[in-house]
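Reader: Could you take me through the salt bridges in this one? I'd like a close look at which side chains pair up and how buried they are.

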Amino acid sequence: MLLLPVAVMALTSAYSQKKQKPLLKPADQRTLRTTYDSISYALGMDVGYHMANMNKSLAYKLSQEVAAAALVDVMSGREVWTQEESMAFLMEYFKVRRPAELKKASEEVLRDYSRKNRDFHVTDSGLLYKIEEPGDMSVKAVDGNERVVVNYVGTLSDGTEFDGNDDVTLPLDGVISGWSEGVRLIGKGGKIKLVIPPDLGYGDRETGPIPPYAVLVFDIELLDVLPPSEQDDDEDYYGDDEEEYYDDESGEYY
């Protein structure tokens, strides 16, 4: 990523397709008359991509106008913060205030889900679940080290799908704890919906498309329960089927 003055990044915002109108007419080839025009546009694109890739729960709250003003201020030498001040602000916000905001938001999501979905139950750990079909309870995971064959879809609380697979085999000791706990509540052929709090999911980690403190929603169908793998620890535990259910971007198994 190209590096621009920190003061620009401190006040930049994601372009909101829903809320904001473009400040300027879109550029085209006629706008880029010189090499320096092209350099300027490329640098602007770099900042734009950075902003657009921010978590949307933050991005839509930010101001395109302030971002443009910061760019002009830095390039004209009249910025309101020093580079050190802007860096300190960003560090404090993303290390302290932002995690607190996300944690509070996840707590509100869980409260709303519980209030609006009275047919859901909650375990001692805080996992919300709804058994849609119990399945054959004589064939179920018990110890948490079994392998399960499942169809599943995972979404964020806003409905954004981040993962899904059909007829995939997963080790229960290689997935997030809320997912493992939930699958053990049904038997072979059963279906369950899980609402997983952050502390049973990825916690404060940003994992691929999953933001920190995310509440995760899974729809799972349990096709079969298998014994633990008998492969040696020195071998690749997940064998030739690894790519079927290993998320290369997040580095996690679902």
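Author: Sure, cut-off first: a salt bridge here is a side-chain nitrogen of Lys or Arg within 4 Å of a carboxyl oxygen of Asp or Glu. By that rule, the whole structure has seven salt bridges. Keep in mind that this is a predicted model, where local features need pLDDT of at least 70, side-chain atom pairs count only at pLDDT 80 or more, and totals for chains, interfaces and linings use all residues. Residues are numbered from 1 along each chain as its sequence is written, and side-chain values use heavy atoms, with hydrogens and water left out.

One of the pairs is Asp73 with Arg78, at 3.2 Å from N to O. Asp73 is buried, because its relative accessibility is 19% and buried means under 20% relative accessible area, with exposed over 50% and partly exposed in between (1.4 Å probe, protein chains only).

Then there's Glu101 with Arg98, whose N to O distance is 3.3 Å. These two sit three residues apart in helix α5 (residues 83–116), so about one helical turn separates them. (Helices are DSSP runs of H or I, at least four residues; strands are runs of E, at least two; both are numbered from the N terminus.) Arg98 is buried at 8%, while Glu101 is partly exposed at 35%.

Asp224 and Lys188 also form a salt bridge, at 3.7 Å, N to O. This pair links distant parts of the chain, 36 residues apart: Asp224 is in strand β6 (residues 216–226), and Lys188 is in the loop between α6 (177–183) and β5 (191–196). Asp224 comes out as partly exposed at 24%, and Lys188 is partly exposed at 36%.
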